[in-house]
Amino acid sequence: GDEASARAAATVLVEEGLAACANIIPGLTSIYRWEGAVTQASEAGVLFKTTALLLSEASERLAQLHPYDVPAIVGWKAQQTPRATLDWLAQQTRQEGRG
């Protein structure tokens, strides 16, 4: 959606301990097919940083908060993440009892 909805969803996921951080990327132009027509829209994207254990729950919560009927939520697990980053993610999310 727009930057305001991205900011709102990011705040909720961080406050609820489902993400340690969210990077909002405003000003994206999306070209996509919807209901049989190719269209384009200005959107904001968000990169959420969370743990592998919380990825599914964070994705489900984001789907609840997203303004679109069919949001494009994509998650992946980083293959080579430094131990310090993994520790920080765990400390900042409910993985270690927060939230």
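Select Arg61 first. At 23% relative accessibility, Arg61 counts as partly exposed, a class that lies between buried (under 20% relative accessible area) and exposed (over 50%), computed with a 1.4 Å probe and protein chains only. The model is a predicted one, in which local features need pLDDT of at least 70 and side-chain atom pairs count only at pLDDT 80 or more, while totals for chains, interfaces and linings use all residues. Residues are numbered from 1 along each chain as its sequence is written, and side-chain values use heavy atoms, with hydrogens and water left out.

**Around Arg61**

Arg61 sits in helix H2; helices (H or I, at least four residues) and strands (E, at least two) are DSSP runs, numbered from the N terminus. Now show what surrounds this residue. Leaving aside neighbours within four places in sequence, Arg61 is in contact with Val12, Leu13, Glu16 and Leu18, where contact means heavy atoms within 4.5 Å.

Add Glu16 to the selection. The side chains of Arg61 and Glu16 meet in a salt bridge at 2.9 Å, N to O. That term requires a side-chain nitrogen of Lys or Arg within 4 Å of a carboxyl oxygen of Asp or Glu. Distant parts of the chain are linked by this pair, with Arg61 in helix H2 and Glu16 in the loop between H1 and E1, 45 residues apart. Glu16 is partly exposed, at a relative accessible area of 26%.

For a distance check, pick the C-alpha atoms of Arg61 and Ala8: they are 12 Å apart in space, and the residues are 53 apart in sequence.

**The loop after H1**

Move to Gly17, in the loop between H1 and strand E1 (21–34). Is Gly17 buried or exposed? Gly17 is buried, with a relative accessible area of 4%. Not counting residues up to four places away in sequence, Gly17 touches Leu54, Thr93 and Arg94. Extend the selection to Leu54, which under the same exclusion of residues up to four places away touches Gly17, Leu18, Thr93, Arg94 and Gln95. Then draw a line from Gly17 to Gln80: their C-alpha atoms are separated by 23 Å, with the two positions 63 residues apart along the chain.

**The nonpolar core**

Select Ala9, Leu13, Leu18, Ala19, Leu54, Ala58 and Leu62. These seven residues make up the largest nonpolar core, a set of buried Ala, Val, Leu, Ile, Met, Phe, Trp, Tyr and Cys residues joined through side-chain atoms within 4.5 Å. Helix H1 (3–15) and helix H2 (55–65) are the elements that give two or more residues to this core. In soluble globular proteins, nonpolar side chains tend to be buried together.

**Salt bridges within helices**

A search of the whole structure finds four salt bridges. Start with Arg7 and Glu3, whose side chains meet in one of them at 3.2 Å, N to O. Both residues lie in helix H1, four residues apart, about one turn of the helix. Arg7 is partly exposed at 48% relative accessible area, and Glu3 is partly exposed at 35%.

Go on to helix H3 (residues 83–92), where Asp87 and Arg83 are placed four residues apart, about one turn of the helix. Asp87 forms a salt bridge with Arg83, and the closest N and O atoms are 3.4 Å apart. What accessibility does Arg83 have? Arg83 counts as exposed at 56% relative accessibility, whereas Asp87 counts as partly exposed at 33%. Side chains of opposite charge can pair when their charged atoms come close.

**The surface patch**

Switch to a surface view and select Ile25, Leu28, Leu47, Val74 and Trp76. They form a nonpolar patch with about 520 Å² of accessible area together. Patches are made of residues with over 30% relative accessible area and no salt bridge, joining like charges within 9 Å and nonpolar side chains (Val, Leu, Ile, Met, Phe, Trp, Tyr) within 5 Å. Accessible areas come from the Shrake-Rupley method with a 1.4 Å probe; for residues, only the protein chains shown count as cover. Within the patch, Leu47 belongs to strand E2 (residues 37–49) and is partly exposed, with a relative accessible area of 42%.

**The whole chain**

Finally, zoom out. The chain has three helices and two strands, in the order α-β-β-α-α from the N terminus on. The C-alpha trace spans about 45 × 25 × 20 Å along its principal axes. Of the 99 residues, 23% count as buried. The chain exposes about 6800 Å², of which carbon and sulfur atoms supply 51%. Among contacts between residues at least 6 apart in sequence, 58% join residues at least 24 apart.
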